[in-house]
Amino acid sequence: MSGDAAAWYEPGIQEVAAGVYRIPLPLMDELRAVNVYAIVDGGSVVMVDAGWVTEESRETLASALRTLGFDLGDIAEFLVTHVHADHYSQAVALRAEFGSRVSLGEDERPTMDFLARPVAERGLFGPLRLLQRCGAPQLVERLRPVFAERADSAGDWTPPDRWLRDGDIEVAGRHLRAIATPGHTQGHLVFLDIDARLLFAGDHLLPHITPSIAFEGVPGPRALQNYMFSLQLMRAMPDCTMLPAHGPARPQMHDRIDELLDHHRARLAHARQAVAGGAATAHEVAQQLRWTRHERALSELNAFNQMLAVLESAAHLDVLAERGELASTLVDGTTVYSS
């Protein structure tokens, strides 16, 4: 499959740089697929991200590797950008079968500890706890069964073999730098190959959609502030080819970083205007904004994406409150904002 001959999410394999192959693995939701990347050096294969643990995903990955002359058992290591199931869960399953090493960012420990508990003992998933303070209790109740089902389908949440922090690593004959980019999750990492000018971007930079903020079992504080700082950190680095987890490769990352920063600056302004116009909660603000590239109303989104929209609104409102541009007060468990 060439990058121009088919939609980015169709099964196949694409060489995006010498010895680096993009392999889209199927997902069960509207994202359609998650890109994993095979880094090949002689008889060694290292994967960046792993996919969701399903039979279809496993066979798609195995078929792609066979095209390169490898089997699943030839994967030496999975470098996982973050803890979400579509990146992590298949790595754990294949490790149990073949002994591959799994590496993950150190700051994913709180969410990993949460997910490692039996489902019955976890309590409310982090985003739903945040949603409770956003003035959307009915949406919380609609989503409870959805999260219960996702938890049951995500497989084993045993910890990685290696916890990674900022720093240099040697894999498959390459020198990579692991860079902490919190925001999407607390422990999100990107992997920079400066010699080849490649950035394995995970969900930190996506070409077509804006990454969600703090969608994790244990959301950290100041997630949007951290995300914007992470964007600025990457903007200060040399421009590289962006290899995202969802969507096609993009030859420059700086342009996309600028677009994402502009998006969040505009959202801050829109959130401030919504409060000035009478909206008092994150849910009410989200109802006044438009969502996706299609400019949809909140009511036009499904429940899961309504949650993401409300939580994004809350993240922007909290930034404005921290800056002193809005006041925030907790009233009966709901955060109320005012100009």
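Let's start with one residue, T329, which touches T334, T335 and V336, leaving out residues up to four places away in sequence. You'll find T329 in strand β13, which covers residues 327–331. Is T329 buried, exposed or something in between? Its relative accessibility is 47%, so it counts as partly exposed, since that label covers values between 20% and 50%. Keep in mind as you look around that this is a predicted model.

Now go to the beginning of the chain. Strand β1 (residues 14–17) and strand β2 (residues 20–26) run antiparallel and are joined by three bridges. Together they make a hairpin with two residues between the strands, and G19 in that turn has a positive phi of about 75°. To see how the strands match up, look for E15, whose bridge partner in β2 is Y21, and for Q14, which stands opposite R22 in β2.

Strand β2 has another partner, too. It pairs with strand β3 (residues 33–41) in the antiparallel sense, over seven bridges. Here Y21 turns up again, this time opposite A38 in β3. β2 and β3 also form a hairpin, with six residues between the strands, and R32 takes a positive phi near 75° there.

How many of the residues of β2 are buried? Seven of its seven are, so the strand is mostly covered. V20, R22, P24 and P26 point one way from β2, while Y21, I23 and L25 point the other way. Both sets are buried.

One of those residues, I23, leads us inward, as it is in contact with L61. Setting aside neighbours within four places in sequence, L61 also contacts L25, V36, M47, L72, I75, Q90 and L94. L61 belongs to the largest nonpolar core, which has 90 residues. Along with M47 and L131, L61 is among the residues with the most contacts inside that core. Which helix gives the most to this core? That's α9 (residues 303–322), with 10 residues. Apart from this core lies another one of 18 residues, including V20, I39, L176 and F191.

Next, follow the chain to an open sheet of five strands. Their order is β8-β9-β10-β11-β12, and the pairing is mixed. β8 (167–171) and β12 (241–244) stand at the edges with a single partner strand each, so one side of each has no neighbour in the sheet. On average, neighbouring strands of this sheet are turned by 30° against each other, ignoring direction.

Inside this sheet, take a look at β9 (residues 174–180) and β10 (residues 189–193). They pair in the antiparallel sense over four bridges, and A178 stands opposite F191 in β10. That's the F191 we met in the 18-residue core. Helix α6 (residues 223–235) lies across β9, β10 and β11 (198–202), and runs at about 150° to β9.

Our last stop is E216, in the loop between β11 and α6. What is the nearest side chain of opposite charge to E216, and how far away is it? It is R129, 9.5 Å away. A salt bridge needs the charged atoms to be within 4 Å, and E216 has none, although it is buried. What does E216 touch instead? Not counting residues up to four places away in sequence, its contacts are E108, T111, F125, G126, P127, T185 and Q186.

Technical notes. Residues numbered from 1 in each chain as written. Predicted model: local features only at pLDDT ≥ 70, side-chain atom pairs only at ≥ 80, totals over all residues. Heavy atoms only, no water. Pairing = 2+ DSSP bridges. Axes fitted to C-alpha atoms, helices over the stretch in contact; angles between N-to-C directions. Contact = heavy atoms within 4.5 Å. Buried < 20%, exposed > 50% of the residue type's maximum accessible area, 1.4 Å probe, protein only. Lys, Arg positive; Asp, Glu negative; His and termini not counted. Core = buried A, V, L, I, M, F, W, Y, C linked by side-chain atoms within 4.5 Å.
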